[in-house]
Protein chains: 2
Amino acid sequence: MWPNHRLLDLLQIDLPIIQAPMAGANGSAMVIAVSEAGGLGSLPCAMLDEDKMRAETGVIRQQTDRPFNMNFFCHTAVAPTDEQQAAWTARLAPFYAEYGIDPSAVASAPVRRAFDDGMCALVEEVRPKVVSFHFGLPSGALLARVKKTGARVLSSATTVVDARWLEENGCDAIIAQGYEAGGHRGMFLTRDVTAQAGTMALLPQVADAVKLPVIAAGGIADGRGIAAAFALGAAGVQIGTAYLFTPQSLITDLHRAALRAATDDKTVITNVFSGKPARGLINRVIRDVGPMSEDAPPFPTAGAALAPLKAKAEISGTGDFTSLWSGQAAALGRDIDAGDLTRNLASEASQRLRLLAGL
Amino acid sequence: MWPNHRLLDLLQIDLPIIQAPMAGANGSAMVIAVSEAGGLGSLPCAMLDEDKMRAETGVIRQQTDRPFNMNFFCHTAVAPTDEQQAAWTARLAPFYAEYGIDPSAVASAPVRRAFDDGMCALVEEVRPKVVSFHFGLPSGALLARVKKTGARVLSSATTVVDARWLEENGCDAIIAQGYEAGGHRGMFLTRDVTAQAGTMALLPQVADAVKLPVIAAGGIADGRGIAAAFALGAAGVQIGTAYLFTPQSLITDLHRAALRAATDDKTVITNVFSGKPARGLINRVIRDVGPMSEDAPPFPTAGAALAPLKAKAEISGTGDFTSLWSGQAAALGRDIDAGDLTRNLASEASQRLRLLAGL
């Protein structure tokens, strides 16, 4: 039925749809719904501690025996220098003044954790069928432990060079993350956001460059996009933004309302929320400070300085300082259950593929 | 045979492939090869005077009776202020010094002409089957004269808002120009380059927003991209960069060599060559002055100040100051005849479409 079965075979899933892990925006409920529907649900772990990961994966295992994915960040955490932190606080000073926030009380603690021994031990304990990484791969020693559990390992490439590196360094399939994608870009061998390629251009070039199955990500939100991804050489897709509209999504009502109002030209790639480039809906802090600010301290600390502004602004009903993550195809989103969305996407894609051949 | 025949019917062509008009990079020879192969050849007229247009279209008519397209820019030419010109000259001063160029002798004359009465009279004389515009549409009076000749009118949308405007203002089909596309972006109702959408996201949103046939552009360079465009709702494609590799392309050997060496991550959108955003291969002037410079005077004058630098650098064998236009899929390009390329693209796309349905 599908033009390419390599990903289905590799991950032991029925539908070639991976629900993108979205740290802070999805937990076990979405994973269960997607995996039960036949796709691959993904639990984002970058903002969870071990107890929470254990609890969430426990719930998943109670509700489904289908494969699921645990996702981790594997950045090298860089502490900001005092100068960087001071420059960032100074940049945000007018906002602190406006909201009556004491800048000296603002934390700089990172909220996103890089894959480490404790997380690896948890993977060895839980033994998920799939583990995906963002920002490259962890150290060889940690990766070897993950692979020894039998887990299939995925990671994202935003360039052909990334893709080749991931293939040479132990990935089992590669997510080609196009410029359209929402949330953090998986960039790890490059820093130049302006040279990042759109999915239409990136995907066939990655497919030509590697032997591994390629998963398309970025700008895909309905059956048309899935059919297009197969046309370009993908063996499956990873979809994020469309799942933010489902009842299983943990986003605020404010984020949900912003997504419902989104159009094609309302997102940009910004570093103001974390220090690394990520795509979200344009709001006040992006307009005033970004989208790419040289003052933003290195990932993942930039966001901590925005936290008190975000909290106060949200109380007054605005997302002026909130990371409203979104890809460029939010306008195609629908308010339906994550399981139904998965099934609908697959059936639309399947119909579309038949239509294309004049059937 | 094709999943959507609307563009074929509208333009009276056999293959759903439009060769993108590339000012300075193609003339009648490419138009003839593409139109004879069954696609739509396009003659870029923005850098031609009436005599040259008459000569080129005369040659086309001698060699083929197939439909072809005449393409015009319809920007509002804005003369730079003295301050703008001075700021730009100052920005380029180190390069002038390096090459021993007298900045006071640098011209600021525009080399690209907006569609006007004289060009319109030429269209009335030549009566091409198709006329396409870039940067919106000309005045209602000029557009009415063009349409009265029976020509089908096309223009590019880089946003859904653009697309709706073009539909309401008299276009017969809309080119959805994704972020991946090489050369000038057709932006006319927006200035925010950072919010421009990739083809994968833009195309289905434009297809949902308008009733007219939609032509996909940006990142398409082989049969996979054409099949993907149909999957996303297009009725055809416009392809530029792939045609730069053909013997009918008028680009320099230097540009050709740069394209052959291109990879997915080697282009950016820059305004340094004309004042308007356009995608090209990253070179020294883009790196040092751009990619988007606030000092670049308004379109189309920015490039004149680079002309003497370009000339001297090219003599010494470098494209440091040359606009090396390219989309993000240059790596998929092949050195073959433009007619053969057109036929191959169509046959690859057709095979791909059948493959997708498991045939």
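In the predicted model, A:I174 is in contact, beyond its neighbours within four places in sequence, with A:S155, A:A157, A:A163, A:L166, A:E167, A:V206, A:V210, A:L212, A:V214 and A:I215. The last of these partners, A:I215, shares a further property with A:I174: together with B:I174 and B:I215, the two residues touch the most other members of the largest nonpolar core, which comprises 254 residues.

The relation between the two chains was examined by superposition. A turn of 180° with a shift of 0.0 Å along the axis lays chain B on chain A with an RMSD of 0.0 Å. The two copies are thus related as by a two-fold rotation axis. Among the residues of chain B, the closest approach to the rotation axis is made by B:A228, whose C-alpha lies at 2.0 Å.

At the interface, 50 residues of chain B are in contact with 50 residues of chain A. On the side of chain B that touches chain A, two or more residues are contributed by each of α8 (199-209), α9, β10 (267-270) and α14 of chain B. By class, this side of chain B consists of 26 nonpolar, 16 polar and eight charged residues. Because 100% of the interface residues of chain B are also interface residues in chain A, the copies meet through the same surface.

Helix α14 of chain B, one of the elements on this side, spans residues 338-356 and contains 19 residues. The distance from its first C-alpha to its last is 27 Å, close to the 27 Å expected at 1.5 Å a residue. The buried residues of α14(B) are B:A338, B:G339, B:L341, B:T342, B:L345, B:A346, B:A349, B:R352, B:L353 and B:L356. Their cover draws on both chains: it includes α9 (223-231) and α14 (338-356) of chain A, along with β1 (17-19), α2 (28-37), α9 (223-231) and α10 (241-244) of chain B. After α14(B) comes B:G358, with a positive phi near 75°.

Within chain A, the domain assignment gives domain 1 (6-75 + 113-249 + 330-356) and domain 2 (78-111 + 267-325). The C-alpha centres of these domains of chain A lie 27 Å apart. Contact between the domains involves nine residues of domain 1 of chain A and 10 residues of domain 2 of chain A. The side of domain 1 of chain A that touches domain 2 of chain A has four nonpolar, four polar and one charged residues.

Two individual positions in chain A illustrate opposite environments, one buried and one exposed. A:G240 is located in the loop between β9 (236-239) and α10 (241-244) of chain A. This glycine, A:G240, counts as buried because it has 26 C-beta neighbours inside 10 Å. Apart from neighbours within four places in sequence, the contacts of A:G240 are A:A20, A:M22, A:A181, A:G182, A:G183 and A:G327. The C-alpha atoms of A:G240 and A:F135 are separated by 17 Å, the two residues being 105 apart along the chain.

A:D82, by contrast, is placed in helix α4 (residues 82-99) of chain A. With 8 other C-beta atoms within 10 Å, A:D82 is exposed. A separation of 51 Å was computed between the C-alpha atoms of A:D82 and A:N344, which stand 262 residues apart along the chain.

Terms used
Residues are numbered from 1 along each chain as its sequence is written. Chains are lettered from A and ligands numbered from 1 in the order in which they are written. This is a predicted model: local features need pLDDT of at least 70, side-chain atom pairs count only at pLDDT 80 or more; totals for chains, interfaces and linings use all residues. Copies are superposed by least squares on the C-alpha atoms of residues with pLDDT of at least 70 in both. Two residues are in contact if their C-beta atoms, placed from the backbone, lie within 7 Å. A nonpolar core is a set of buried Ala, Val, Leu, Ile, Met, Phe, Trp, Tyr and Cys residues joined through C-beta atoms within 7 Å. A residue is buried if 20 or more other C-beta atoms lie within 10 Å of its own, exposed if 12 or fewer, and partly exposed in between; C-beta atoms are placed from the backbone. Helices (H or I, at least four residues) and strands (E, at least two) are DSSP runs, numbered from the N terminus. The expected span of a helix is 1.5 Å times one less than its number of residues. Domain bounds come from an automatic or database domain assignment. Ala, Val, Leu, Ile, Met, Phe, Trp, Tyr, Cys and Pro count as nonpolar, Asp, Glu, Lys and Arg as charged, and the others, Gly among them, as polar.
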